[in-house]
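Colleague: I have just opened this protein and would like to learn how to read it. Could you walk me through it, one question at a time?

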Amino acid sequence: MSYTVKQFSNLAGVSVRTLHYYDEIGLLRPEAIRSNGYREYGDQAVLKLQQILFYRELDFRLEDIKAMLSRPDFDAVEALEAHRLSLQGRAKRLERLIQTVDDTLLHMKGEKEVSQKQLFAAFSDEEQEQYAKEAEQLYDPAIVKESNRKFKSLSLAEKQHIFDEGNQVYADMLAAMPKGVASPEVQATIERWCKHMDYFWTPKLEQLMGLAEMYTTDTRFKANFDKIDPRLAEFIREAVDVYVKQKT
C-alpha cells in the first residue's frame, strides 16, 4: 500500500513538515516521487518511521538515529525487542519516581518522615545500567560493555556502596549550590562525580558535557533531579561546562 505525504502524516500522527524535514536530512526518504512531484511512501517507510519515533521517544538525536538505521547490521526485530525492554524499564522507573514524589510531598507536608537517602531513591544502579546500555549506542560499545561487565561482577555490598556514594555526591552538590558553579567546593564535587562515572563507563571530556546536557533535556534525568530541586539539573550542566573548559 502506498501513501501520499498527507496520508502518511495522518497515519503516523506527525506533521507533513516533519516528514519533509526527515526527507531533507536523508533520515526517511519517500519510496517514490510521482511525476507531479508528490512524495509516495510504502510499507517499508511505515516500519522505518515507527523505529524513528521509538528512538525519538527514548530521546535519541536525529543524527544518531540516522546512523543507527543506516548500519548494515541493523536488525529491526532486535531493535523492537530492545525498545520493548527499554520502555518496560522506563515504566518501572516512572513508578519509582511517582512513589518517591509522593513520599517527598508527604515529607514536606509533615505527614511522613523521609531520610535524605530516600529522597535520592530513584537514582538506582538499575537506572545506571540502563543508561549504560543506551550509551553503548551513542559512544564506544566495547568500552561501555566492559564497564558494564565489571559493574555486574560486583557484590551487592559493593553495589550498595557505589549507590550510596553517588547519592552523597548529589547531596553535596545540592548543599554547595549557593556557592556558585565555579566555586572550589562545586568543582571538587564535579571531580567526584566524574570519578563516580568510572564505575559504569569512562566518558571523555566532551561526553561528560553531553551527559550533563542530558540531565536538562532527557525527561528521565530531569524528573529525577526536579524532585530534589528544580534548579539542580541546570546547575550541574553549568558546573560541568566550567569543569570541562578548565580541563581543555
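Modeller: Happy to! Let us start with one pair of side chains: Arg39 and Asp23 meet in a salt bridge, with N and O 2.8 Å apart. Please keep in mind that this is a predicted model.

Colleague: Which parts of the chain does the pair Arg39 and Asp23 tie together, and how many residues apart in sequence are they?

Modeller: Asp23 belongs to helix α2, which covers residues 16-24. Arg39 sits in strand β3, residues 39-41, so the salt bridge ties this strand to helix α2, and the two parts are 16 residues apart in sequence.

Colleague: Is Asp23 buried or exposed?

Modeller: The cut-off to know is that a residue counts as buried under 20% relative accessible area. Asp23 has a value of 8%, so Asp23 is buried. Its partner Arg39 has 23%, which means that Arg39 is partly exposed.

Colleague: Which residues does Asp23 touch, not counting residues up to four places away in sequence?

Modeller: Arg39, the salt-bridge partner, is one of the residues that Asp23 touches. Asp23, Arg29 and Arg39 are also linked in a network of salt bridges. The list of residues touched by Asp23 is Leu28, Arg29, Pro30 and Arg39.

Colleague: How many salt bridges does the count come to?

Modeller: To count as a salt bridge, a side-chain nitrogen of Lys or Arg must be within 4 Å of a carboxyl oxygen of Asp or Glu. Arg61 and Glu63 meet that rule, their closest N and O atoms being 3.7 Å apart. By this rule the count comes to eleven.

Colleague: In the salt bridge of Asp229 with Arg231, how far apart are the closest N and O atoms?

Modeller: Look at the burial of the two partners on the way. Asp229 counts as buried because its relative accessibility is 12%, while Arg231, at 53%, is exposed. The closest N and O atoms of Asp229 and Arg231 are 2.8 Å apart.

Colleague: Let us step back to the whole chain. What share of the 248 residues is buried?

Modeller: The protein chain has 13 helices and three strands. Among contacts between residues at least 6 apart in sequence, 62% join residues at least 24 apart. Of the 248 residues, the buried share is 41%.

Colleague: Which element gives the largest share of the largest nonpolar core?

Modeller: This core has 32 residues, and Ile190, Trp193, Tyr215, Phe225, Ile236 and Val240 touch the most other members. The elements giving two or more residues to the core are α9 (156-176), α10 (184-197), α11 (205-217), α12 (219-226) and α13 (232-247). The largest share, nine residues, comes from α13.

Colleague: Which residues is Ile190 in contact with, leaving aside its neighbours within four places in sequence?

Modeller: Ile190 is one of the α10 residues that meet α13. Its contacts, with those neighbours left aside, are Met173, Ile236, Ala239, Val240 and Tyr243.

Colleague: How many residues are in the other core that lies apart from it?

Modeller: Met68 is one member of that other core. This residue is in helix α4, residues 62-69, and counts as buried because its relative accessibility is 2%. Leu27, Ile52 and Phe60 are also among the members of this core, whose size is 20 residues.

Colleague: How are α10 and α13 oriented to each other?

Modeller: Two packed helices are described by the angle between their axes and the distance between the axes. The axes of α10 and α13 come within 10 Å and cross at roughly 85°. By class, their contact has ten nonpolar, two polar and two charged residues. Angles of 65 to 115 degrees count as roughly perpendicular, and α10 and α13 are therefore roughly perpendicular.

Colleague: And which residues in α12 does α11 meet?

Modeller: The axes of α11 and α12 are 6 Å apart and pack at an angle of about 75°, so these two helices are roughly perpendicular to each other. Their contact has five nonpolar, three polar and one charged residues. From α11 come Leu211, Met214, Tyr215, Thr216 and Thr217, and the residues they meet in α12 are Thr219, Phe221, Lys222 and Phe225.

Conventions:
Residues numbered from 1 in each chain as written. Predicted model: local features only at pLDDT ≥ 70, side-chain atom pairs only at ≥ 80, totals over all residues. Heavy atoms only, no water. Core = buried A, V, L, I, M, F, W, Y, C linked by side-chain atoms within 4.5 Å. Buried < 20%, exposed > 50% of the residue type's maximum accessible area, 1.4 Å probe, protein only. Helix = DSSP H or I, 4+ residues; strand = E, 2+ residues; numbered from the N terminus. Contact = heavy atoms within 4.5 Å. Axes fitted to C-alpha atoms, helices over the stretch in contact; angles between N-to-C directions. Parallel < 35°, antiparallel > 145°, perpendicular 65-115°, else oblique. Nonpolar A, V, L, I, M, F, W, Y, C, P; charged D, E, K, R; others polar.
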